[in-house]
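Q: Please take a close look at a single part of this model. I should like one connected account of the contacts made there, of what is covered, and of the open space beside it.

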Amino acid sequence: MLYRSRLIGFGSYLPKNIITNNDLSKKIDTSDEWIRARTGIRQRHIVSNETCTSMACCAAEQALRYANLSIHDIDAVIVATSTPDALFPTTAVMVQKELGMKKGFAFDVSSACSGFIFALSVADNFIKTGQAKNIILIGSEVYSRILDWSDRRTCVLFGDGAGAVILTAVKPQENNGILGIYLHTDGQYSELLYVEGSPTAQQQNCYVRMNGKEVFRQAVNKLSEVVDEALIKNNLKHKDIDWLVPHQANLRIINGMGKKLKLAPERVIVTVDKHANTSAASIPLALNVAIRDKRIKSGDLVIMETLGGGLSWGSALVRI
Ligand code: COA
């Protein structure tokens, strides 16, 4: 390892348009009570004229301001998304264009709700090997475009938004930065959570389909394993962890992971109530909230975990 990656910038964008559970209950056979009891979700942001690219740009600009960097300091843009505006040019290339970045490279990473952690690992490796010094990493999703709004089992669960971080290269002996990232996939579970239809023809409908009960069961098991893996490989105990920043899919899963880590509830960052599941955007959105309200501070040890379609799952240990 030539360098360590440190997170030095944080930003986000949420569409202005908010849809509450009660709003949904006027259109489909559901209720605020059912959604809140099963998931913890109260509302979600849904795009009106925003796009995957426009949200990614806003989040990236905010993260640049936080890091006190200009776009000209950036060597690479990576966007984690399963809902790009087009198959290509990639969202990352469009962000590069919109932000006026004239050098370096940009590309997308797709791994459903695990996209941010998988892309974080890619960015981390570019930095560790000296291939890039500063990287903007964005999770941006427009799930509202791939939801079947007549399927109450899925459409109530998701929302739109974007979150961004900036990674920079620091000396490998520095304490702060990414300590380890642990990734897994298992295609034998591909039918539990998938998109039916293809986005290749933009006019064609494609919809998220999910076996909710089985995804729930797998999430509890696999997230436990991958959190343990991060602790064991870094010789850490539960008490060493300051914050859990989990993928925001379901409050019951999030609380279960907090208990497993023996963390007090106030040490678990929860945004699923306000954002719902924004897939690859959910972790950077949650991280941004807790950094800006000054709960998470420099030097704090954060564990992130996620599970999504594939199935794919992973964890990341980061000292902020
Ligand atoms: N409103 C009201 N009723 C609903 C509903 C909704 N939005 N969605 C489903 N129901 C009904 C079902 O039709 C079913 O009724 P029935 O018993 O008459 O057939 C009943 O509620 C129970 O449905 P079920 O699917 O068994 O509910 P559940 O307790 O498993 O909760 C989830 C459903 C989706 C909330 C839950 O399984 C879950 O959170 N899974 C994990 C999902 C996840 O995290 N996915 C993302 C990973 S990235």
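A: Contact is taken here to mean heavy atoms within 4.5 Å. The model is a predicted one, and the part chosen is the meeting of its two domains.

The protein is divided into domain 1, residues 4-170, and domain 2, residues 177-319. Their C-alpha centres lie 14 Å apart. Between them, 57 residues of domain 1 are in contact with 49 residues of domain 2.

Ser121 offers one view of this meeting. This serine belongs to helix 5, which runs over residues 115-128. Leaving aside residues up to four places away in sequence, Ser121 touches Ile181 and Leu183. By numbering, Ser121 falls within domain 1, whereas Ile181 and Leu183 fall within domain 2. Ser121 counts as buried because its relative accessible area is 13%, and the limit for burial is under 20%.

Val165 offers a second view. The residue lies in strand 7, residues 160-170, and is buried, with a relative accessible area of 0%. With residues up to four places away in sequence again set aside, Val165 touches Leu7, Gly9, Phe10, Phe116, Ile135, Ile136, Leu137 and Leu287. Of these contacts, Leu287 carries a number inside the bounds of domain 2, while Val165 itself is numbered within domain 1. A further link in space is to Pro284: Val165 and Pro284 are 119 residues apart in sequence, yet their C-alpha atoms are 6.9 Å apart.

Pro284 and Leu287 both lead to helix 10, residues 282-292, where they are among the buried residues. Helix 10 is mostly covered, with nine of its eleven residues buried. Besides Pro284 and Leu287, the buried residues of this helix include Ser282, Ile283, Leu285, Ala286, Asn288, Ala290 and Ile291. Just after helix 10, Lys294 adopts a positive phi of about 65°.

The open space can be taken next. The largest pocket holds about 700 Å³ of space, and its lining draws at least three residues from each of domain 1 and domain 2. The lining comprises 28 residues, and those nearest the centre of the pocket are Leu157, Met210, Gly212, Phe216 and Asn250. At least two lining residues come from each of helix 2 (32-39), helix 7 (212-233), helix 8 (251-260) and strand 12 (301-308). Helix 7 gives the largest share, six residues. By residue class, the lining divides into 16 nonpolar, seven polar and five charged.

There remains the matter of covalent cross-links. The structure holds zero disulfides. A disulfide would require two cysteine sulfur atoms within 2.5 Å. The sulfur of Cys52 has its closest cysteine sulfur in Cys57, at 9.7 Å, and is therefore too far away for a bond. For Cys57 the closest cysteine sulfur is that of Cys58, and the 6.9 Å between them is likewise too far for a bond. Cys52 is buried, with a relative accessible area of 0%, and Cys57 also counts as buried, at 8% relative accessibility.

In sum, the two domains meet through contacts of 57 residues with 49, and both domains contribute to the lining of the largest pocket.

Technical notes. Residues numbered from 1 in each chain as written. Predicted model: local features only at pLDDT ≥ 70, side-chain atom pairs only at ≥ 80, totals over all residues. Heavy atoms only, no water. Buried < 20%, exposed > 50% of the residue type's maximum accessible area, 1.4 Å probe, protein only. 1 Å grid on protein atoms, 1.4 Å probe; cavity = no way out; pocket = protein on both sides within 12 Å on 5 of 7 lines; lining within 4 Å. Points joined across faces, edges and corners; volume = space filled by probe spheres on them. Helix = DSSP H or I, 4+ residues; strand = E, 2+ residues; numbered from the N terminus. Nonpolar A, V, L, I, M, F, W, Y, C, P; charged D, E, K, R; others polar. Domains from an automatic or database assignment.
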